[in-house]
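Visitor: I have a protein model to look at and plenty of "why is it called that?" questions. Could you walk me through it?

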Amino acid sequence: MYAIIKQANGQTYTSMVFGYYCPLQSQDDYERYLESIHNRFYIVLNKAKTQFVKLYVFPSGEKYLNPQILITDENQDDWALDENYHGCANILLGVNIDTIETEPHEDILQRCIQLDSEYKYVEYPEITNQNDIDNLMWAAGGFHDARIKKMETNDNGVLYLLFDGVWGCEIEMWLEGDVSYCTESRDPEYEDPYWFDSSMVIQDGFIYFYDCDCISPEELSDKYCWFKARKIKYHIMFLSSKIVTISPKKIKPYVSAKG
């Protein structure tokens, strides 16, 4: 796994991700729900790449849900996970997670630092396969609460989209090659502009991107907001804040590891 990480000063850096946990202790249902939000943490490297950090997604001291980490590569093929999808990369097996920040195994830490240095982070990735789609959806939280903030076509026929409302970030997209679309169903003058969920599908040489996760491209109509193009490239811009009030409702699963 790999991620963009926000620091307390609002600046960001990137790091490989080596673990994800969410310990729950309370027996009270609502307190347990709050723990399921605030106790989520990832194991990453600090900005200096000198030690492990337990980075909490939604720190408990904050009034609003403001994600501190966005997963940009969701691959966990080399991880050991339990039934709740909690666990770590195989390289950390046997390490005491509770003390990993203060008492790391130096040889394991150095190996993780090396793995991180070898990872090639692409700031402007292009969608070419299902793995690329999965990575985008993780970072974007399935585009839950997203809306199209800006939309324009340049002289070369490239369609530019800017989505805001995504938890923790804004996402730019560039679509090119036989571009077509329909956005009337999300026209803010007449309809709710905010997306609840989304799908992206590669089919017959095209990439389809639309505001529903339960239909195929063949079922698209003017009732949906949809885009179709030969190529799609995107860019994630971490925001300084994303204000979401905590409520007794479940939050979308993409903000944590695998559920």
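Guide: Gladly, and let's begin inside. The largest nonpolar core has 29 residues, and those touching the most other members are Phe-143, Phe-163, Ile-171, Met-173, Met-200 and Phe-209. This is a predicted model, where local features need pLDDT of at least 70 and side-chain atom pairs count only at pLDDT 80 or more, while totals for chains, interfaces and linings use all residues. Residues are numbered from 1 along each chain as its sequence is written, and side-chain values use heavy atoms, with hydrogens and water left out.

Visitor: What makes a set of residues a nonpolar core?

Guide: The members must be buried Ala, Val, Leu, Ile, Met, Phe, Trp, Tyr or Cys residues joined through side-chain atoms within 4.5 Å. Buried means under 20% relative accessible area, exposed means over 50%, and partly exposed is in between (1.4 Å probe, protein chains only).

Visitor: Which helix supplies the largest share of this core?

Guide: That is α3, with five residues. Helices are DSSP runs of H or I with at least four residues, strands are runs of E with at least two, and both are numbered from the N terminus. At least two core residues each come from α3 (130-140), β9 (159-164), β10 (169-176), β13 (206-210), β14 (226-229) and β15 (231-238). Another core, of 23 residues, lies apart from this one, and includes Val-17, Tyr-20, Tyr-33 and Leu-34.

Visitor: How do you know that α3 is mostly covered?

Guide: Eight of the eleven residues of α3 are buried, among them Asp-132, Leu-136, Trp-138 and Ala-140. The buried residues of α3 pack against β3 (41-45), β5 (69-73), β10, β12, β13 and β15.

Visitor: Which residues does Ile-171 touch?

Guide: Contact means heavy atoms within 4.5 Å. Leaving out residues up to four places away in sequence, the partners of Ile-171 include Leu-136, Ala-140, Phe-143, Phe-163 and Tyr-234.

Visitor: Why is Phe-143 called buried?

Guide: Its relative accessible area is 0%, and the cut-off is under 20%, so Phe-143 counts as buried. Phe-143 is in the loop between α3 and β8 (147-153), and has a positive phi of about 65° although it is not a glycine.

Visitor: And is Asp-204 buried or exposed?

Guide: Exposed: 65% relative accessible area lies over the 50% limit, so Asp-204 earns that word. Asp-204, too, is not a glycine but has a positive phi, of about 55°. Its loop runs between β12 (199-203) and β13.

Visitor: What makes Arg-111 partly exposed?

Guide: Arg-111 has 37% relative accessibility, which falls between the two limits, so it counts as partly exposed. Arg-111 sits in helix α2 (residues 106-118). From Arg-111 to Pro-188 the C-alpha distance is 50 Å, with their positions 77 residues apart in sequence.

Visitor: How do you know that the radius of gyration agrees with a compact globule?

Guide: The radius is taken over C-alpha atoms, and the globule rule is 2.2 Å times the number of residues to the power 0.38. For 259 residues a compact globule would be near 18 Å, and the protein has 19 Å, so the two agree. The C-alpha atoms fill a box of roughly 55 × 45 × 35 Å along the principal axes.

Visitor: How many helices and strands does the protein have?

Guide: There are three helices and 15 strands. Of the 259 residues, 48% are buried.
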